[in-house]
Amino acid sequence: MIGYDKKTRILVLDNKSIGYAVYVNDAGYLETLYFGRSLSDYADFDCVRRAGEFSTPRYDAASGKETGYADAFKFDAAPLEISPHGLADKRGAPVIVRDERGSFITDFRFRSVRLLKEAPAIEGLPHAHGRCETADILLEDSDLHVRAHLYLTLFADKDALVKSFRFENTGKKKVRLTRAMSMQLDLPRCDYDLVHFGGRWAKERDYFCNPVADGVQEVSSNLGRSSAEENPFVFLKERSATMDCGEVIGFNLVYSGNFKFRTFTNFLRGLHITYGMNDEDFEWTLAPGEVFCTPQAVIVYSSHGIDAMSQTFHRFIRENLMTYADNCEYKPVLFNSWEGCTFHFDTDLILSYIDDACKIGTELFVLDDGWFGARDNDLAGLGDWTVNKGKIDLHRVMAHCRERGLKFGIWFEPEMVNPDSDLFRAHPEYALGWGRKELALGRHQLHLDFSNPDVVENIYAQMKAFLEEYPVDYIKWDYNRVVAEHVSAAFPPERQGEIYHRLVLGYYALLGRLTREYPHTMFEGCASGGGRFDMGTLYYCPQIWCSDESDPAQRIDIQFNTSLGYPLSCIGSHVNDSKVASYSAKAALALFGTYGYEMNPNLLTEGEIAELAQTAEIYKKYHRDVIANGTLYHLRAPYEGNHMCMQCVSRDASASVVLFMNKLKEQDMFRFVRLKGLDRKKKYRNTLDGAVHSGEYYLQIGLNLSKEGFAEFSHRLVLLTEET
Ligand code: GLA
């Protein structure tokens, strides 16, 4: 898959589906020759290299003469793997290293390349694994005495390329990294649309699509988490690209903290992309012998439209990123207590919830916020992870679940503390920003200083003690505040630029340790809903609570857009009690994720119970093979009109689930929705009218969804099963 020709100095990565080529030029710079569909011949690059050829004269300090390069290239515009900084190339380097003189000049040149049969292990950070090969390119800035490994990993069975850097100080003096992004990608054209997913709490991942801007454009977070405001998943698409045709290049970062995806186009109309950790307030001291690894950036290539990119991300996340032992297995139907009773419960109420949750097919009961410390509202208790025994008898609750064959799970928010807590009273210095006269509270809470290993250890010990006494099957790991004060009492003034990143490392250290020690406990990520929905979290947590908004008015878009970059199996989706739409509409939508509930189950009517129990049965029958392990097609995008339609097809094409939903009310509709992914020759019975048609019929003519009058959020949930 990967070969390096020493004579031509061309490195080729090709998995027979996509290809990537890099040329090591005379000066030792890595020129990116090609990225796209696999080529049959990688020799014909001369004209690419010579495009806009232009030699930048060089000055030899010893002889006092100008020295050109035999192999000239356009120094400030050639597509490169790593632009230098502080020299003529002003497009924006991915990396800046400063030495003790304060110089900004950073100039990495090629030394050697090693070809590996695996993905690199990135110390302290989540990383991809699986069938792949890696080009480990060693670069050096001999002035700074810093080495950089550029890792390019290509996957055998997916159109995915992973990039990252590893820096090592080989000198005798300290250096400072003031920018350490994960990748650069220079493309020879810029006529793309840039799609990104912005939003806020309860409106995560809205779809924004605009032509790549002239000059500089950025999609980023500086909130200390990947954020609801912008998600790290972005993609470029050819202007004419659709769901199933055209070139699309997707990007994501295996990281949960600040990020920056930056594009730059100049008058030459090439596109210069850098992606990685946000450099705002970032500075990392690298002492002699020390190493710094960047998170991995994942690039997915599709020459067949958005859905092919999206499907590659789905399989990549499930097969090459997640580490949860049971990740490809069935995820139980979950009942969460939060929206039903918030903090206001006692043992009897929870037991009654469990009994009634059983009637709607629940398999995992989760007690959310409010079970610990002095937590009767959100003013107190975070940081004190001991059961409030006066409020809840957790042993009894767990026994009650067990007797009914249910799993049991619980809520934590490990990285936070309320000023009104025993932990904060004993250790005020454990909170970020400690020592300042006034601290900003977010939901009445402060952020714990997870850059300090003592703090992480304290929370670990508390959680461990809990888990030993209460062996739960599931933990919801919440995170309800952004990082406001990125200053730590545990680090000296000159190292405060490390805090944002160290907080993320602390998060991974604790989550990594607990998931390793409890490999069969399922951890679900959460951050005020979907404020930390990212690949870093997915490495440990096979699912993430997608949004606190379950009402279809917003949820249609949230669910659909999230599934463009992330597999349905990781999208925590609950039916709640919002009155905007029927339970059956909300349940149908929640089926396209990991299905669950959040309401007061004591209040459900017999009719509602029957309806929800029926949907739970569909989930149990179809989730694993069709929705989680199958292929997802996005048939109608809600950002393009009044409808949303998604379809999942099992890998053997024997079954399919289709959901069509409209937003606003409509009158007559004559509508045949063409399906995808079915076997043309097979016969399928559909549950809409019970008819049997060939796969060809559904693909060419379509599913007949014609109807007179569609009310708001009316929907059709259609199952297709093979008739043998
Ligand atoms: C956040 C989560 C909710 C719930 C509450 C509890 O808002 O997104 O699902 O867990 O916290 O305080």
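This passage describes the overall build of the protein, its charged side chains and two selected residues.

The structure is a predicted model, in which local features need pLDDT of at least 70 and side-chain atom pairs count only at pLDDT 80 or more, while totals for chains, interfaces and linings use all residues. Residues are numbered from 1 along each chain as its sequence is written, and side-chain values use heavy atoms, with hydrogens and water left out.

To start with the overall build, the protein contains 13 helices and 40 strands. These elements are DSSP runs numbered from the N terminus, with helices (H or I) of at least four residues and strands (E) of at least two. The radius of gyration, taken over C-alpha atoms, is 27 Å. This value agrees with the figure near 27 Å for a compact globule of 724 residues, where the globule rule is 2.2 Å times the number of residues to the power 0.38. Along the principal axes, the C-alpha atoms fill a box of roughly 90 × 70 × 40 Å.

Of the 724 residues, 62% are buried; here buried means under 20% relative accessible area, exposed means over 50%, and partly exposed lies in between (1.4 Å probe, protein chains only). The accessible surface comes to about 26600 Å², and carbon and sulfur atoms account for 50% of that area. Areas come from the Shrake-Rupley method with a 1.4 Å probe, and for residues only the protein chains shown count as cover. Contacts (heavy atoms within 4.5 Å) often bridge long stretches of sequence: among those between residues at least 6 apart, 68% join residues at least 24 apart.

Turning to charge, the protein carries 81 positive and 102 negative charges, and their mean positions are 4 Å apart. Lys and Arg count as positive and Asp and Glu as negative, whereas His and the chain ends are not counted. Each charge is placed at NZ of Lys, CZ of Arg, CG of Asp or CD of Glu.

A total of 51 salt bridges is found, each being a side-chain nitrogen of Lys or Arg within 4 Å of a carboxyl oxygen of Asp or Glu. One of them pairs K260 with E218, with the closest N and O atoms 3.7 Å apart. This pair links distant parts of the chain, as K260 sits in strand β18 (residues 259-265) and E218 in strand β15 (residues 215-221), 42 residues apart. K260 is buried at 12% relative accessible area, whereas E218 is partly exposed at 41%.

R425 forms a salt bridge with D420 at 3.0 Å, N to O, and D420 is partly exposed at 39% relative accessibility. R425 also meets D422 in a salt bridge, again at 3.0 Å. D422 and R425 both belong to helix α6 (residues 422-426), where 3 residues, about one turn of the helix, separate them. Elsewhere, salt bridges that share partners join D157, K158, R315, E319 and R651 into one network.

Two further residues round off the picture. R513 lies in helix α8 (residues 499-517) and is partly exposed at 28% relative accessibility. Leaving aside residues up to four places away in sequence, R513 touches E457, Y460 and Y508. The C-alpha atoms of R513 and Y540 are 10.0 Å apart, with the two positions 27 residues apart in sequence numbering.

Y518 is found in the loop between α8 and β29 (522-525) and is buried, at 14% relative accessible area. With the same neighbours in sequence left out, up to four places away, Y518 touches K464, L467, E468 and F523. Y518 and T170 are 348 residues apart along the chain, and their C-alpha atoms are separated by 38 Å.
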